[in-house]
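Here's a quick look at how the helices and strands of this fold sit against one another. Have the 3D view open as you read.

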Amino acid sequence: MKIMIDETIFQGTPVDILEQLRLLTFDSSEFSTTDAYIRFLQYAVRRMTGKPCPLPEGSTEQRAAAILERLEAIGALERLEE
């Protein structure tokens, strides 16, 4: 997968991309795992849109892919490649 956020391109699996974003954006102790970062993003999407942001109960990879889809749907990122 390849996405672009504010002219910066991120590439890898959905978990890889979220891990890159987590490490760039926050002190690693603030969100110690990718799952914790996904929960933060889920809450942020709910706050920004005023709508629910359900995610699957599956693996971290499935949840990461779902949150990236939600972010794309609200215009927070652009998907360049699957």
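What follows goes through the sheet, then the helix that packs on it, then a helix pair.

Keep in mind that this is a predicted model.

Let's start with the sheet. It's an open one of 3 strands, in the order 2-1-3 and with antiparallel pairing. Strand 2 and strand 3 stand at the edges with a single partner strand each, so one side of each has no neighbour in the sheet. On average, neighbouring strands are turned by 30° against each other, direction ignored. Strand 1 and strand 2 pair in the antiparallel sense over 4 bridges, and M4 stands opposite I9 of strand 2. Helix 1 packs on this sheet, where it touches strand 1 and strand 2, and its direction makes about 135° with that of strand 2.

Now for the helix pair. How do helix 1 and helix 3 cross, and at what angle? Their axes come within 8 Å and cross at roughly 70°. An angle of 65 to 115 degrees counts as roughly perpendicular, so that's the label for helix 1 and helix 3. The crossing of the two is left-handed. Here's who makes the contact:

| Helix | Residues in the contact |
|---|---|
| Helix 1 | P14, V15, I17, L18 |
| Helix 3 | T60, E61, A64, A65, I67, L68 |

Sorted by class, this contact of helix 1 with helix 3 has 8 nonpolar residues, 1 polar and 1 charged.

Key. Residues numbered from 1 in each chain as written. Predicted model: local features only at pLDDT ≥ 70, side-chain atom pairs only at ≥ 80, totals over all residues. Heavy atoms only, no water. Axes fitted to C-alpha atoms, helices over the stretch in contact; angles between N-to-C directions. Parallel < 35°, antiparallel > 145°, perpendicular 65-115°, else oblique. Left-handed = near helix turned anticlockwise from the far one by under 90°. Contact = heavy atoms within 4.5 Å. Nonpolar A, V, L, I, M, F, W, Y, C, P; charged D, E, K, R; others polar. Pairing = 2+ DSSP bridges.
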